[in-house]
Amino acid sequence: MAKVYDVPADILLSRLADILKSENIGKPEWAMFVKTGSHADRPPQNREWWYIRCASILRKLYLHGPVGINDLRIMYGGAKSVGYGGAHHRDAGGSIIRHAIQELEKLGYVEKVAGKGRVVSHQGMKKLDRLASDILDELAVKNPMLKIYS
């Protein structure tokens with residue numbers, strides 16, 4: 001069985017975002033108007049960015065184990081220009097990450113570990129591994145050399 005790190009992230013995230021959208025993951029009303037952090041100049045241009053961010057957070061929790069909100073804020077942060085000097089790192093907005101994790105917890109894909117952060121639950125791990133296996137099977141049809149990984 002293939003794992004999440006065996007398939008390309010862009011394909012996995014787009015498919016997982018579609019699955020989360022079909023499972024009616026909650027999208028806040030303010031999601032259309034907010035920037036993703038102080039480093040961003042504008043709100044995201046993609047209308048489906050909320051589902052892609054939820055899928056990305058689920059993938060990061062799968063790959064990096066127990067992760068806290070502040071760790072995710074650092075991961076999703078970016079460089080902010082400060083005039084003539086070099087750019088400085090700014091963390092991403094915490095509200096977006098908190099709401100996404102709360103919605104993933106409602107679906108049962110994420111659970112909290114006391115004092116360490118969030119991890120992917122057994123149900124979430126099973127869903128991600130099955131999706132990765134399906135993607136790898138489809139890629140193996142196009143490139144037969146990938147069959148050794150499935």
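This report walks through the fold, the core, two helices and a few single residues of a predicted model.

**Overall layout**

The protein chain has five helices and four strands. From the N terminus on, these elements run α-α-α-β-β-α-β-β-α. Along the principal axes, the C-alpha atoms fill a box of roughly 50 × 35 × 30 Å. Of the 150 residues, 39% count as buried. Contacts often link distant parts of the sequence: among those with a separation of 6 or more, 60% join residues 24 or more positions apart.

The accessible surface of the protein chain comes to about 8,800 Å². Carbon and sulfur atoms account for 52% of that surface. The chain carries 23 positive and 16 negative charges, and the mean positions of the two sets are 4 Å apart.

**The nonpolar core**

In soluble globular proteins, nonpolar side chains tend to be buried together. Here the largest nonpolar core has 38 residues. Those with the most contacts inside it are Leu-20, Trp-50, Ile-57, Leu-58, Leu-72 and Leu-104. Helices 1, 2, 3, 4 and 5 each supply at least two residues of this core. The largest share, nine residues, comes from helix 2.

Ile-57 shows how the core is joined up. Leaving aside its neighbours within four places in sequence, Ile-57 is in contact with Leu-72, Tyr-76, Ile-97, Ala-100, Ile-101 and Leu-104.

**Helices 2 and 5**

The table sets out the span of each helix.

| Helix | Residues | Span between end C-alpha atoms | Expected span |
|---|---|---|---|
| Helix 2 | 16 residues | 22 Å | 22 Å |
| Helix 5 | 21 residues | 31 Å | 30 Å |

For helix 2 the span agrees with the expected value, and for helix 5 it is close.

How many residues of helix 2 are buried? Twelve of the 16 are, so this helix is largely enclosed by the rest of the structure. The buried set includes nonpolar residues such as Trp-49, Trp-50, Ile-57 and Leu-58. Arg-53 and Lys-60 are also in the buried set. The cover over the buried residues of helix 2 includes helix 1, helix 3, helix 4, strand 3, strand 4 and helix 5. Just after helix 2 comes Gly-65, with a positive phi near 70 degrees.

Helix 5 covers residues 122-142. Its buried residues include Leu-128, Leu-131, Ile-135 and Leu-136, along with Asp-129 and Ser-133. Helix 1, helix 2 and strand 4 are among the elements that cover the buried residues of helix 5.

**Two residues in one loop**

Asn-24 lies in the loop between helix 1 and helix 2. His-39 has its place in the loop between helix 1 and helix 2 as well.

Is Asn-24 buried or exposed? Asn-24 is exposed, because its relative accessible area of 65% is over the 50% cut-off. Its backbone stands out too. Most residues other than glycine have a negative phi. Asn-24 has a positive phi of about 60 degrees, although it is not a glycine.

His-39 is buried, because its relative accessible area of 18% is under the 20% cut-off. What does His-39 touch, not counting residues up to four places away in sequence? The partners are Tyr-76, Gly-77, Gly-78, Ala-79, Lys-80, Arg-90, Asp-91 and Ala-92. Tyr-76 is also a contact of Ile-57.

Key:
Residues numbered from 1 in each chain as written. Predicted model: local features only at pLDDT ≥ 70, side-chain atom pairs only at ≥ 80, totals over all residues. Heavy atoms only, no water. Expected span 1.5 Å × (residues − 1). Buried < 20%, exposed > 50% of the residue type's maximum accessible area, 1.4 Å probe, protein only. Contact = heavy atoms within 4.5 Å. Core = buried A, V, L, I, M, F, W, Y, C linked by side-chain atoms within 4.5 Å. Areas by Shrake-Rupley, 256 points an atom, 1.4 Å probe, with all protein chains shown as cover. Lys, Arg positive; Asp, Glu negative; His and termini not counted. Charge placed at Lys NZ, Arg CZ, Asp CG, Glu CD.
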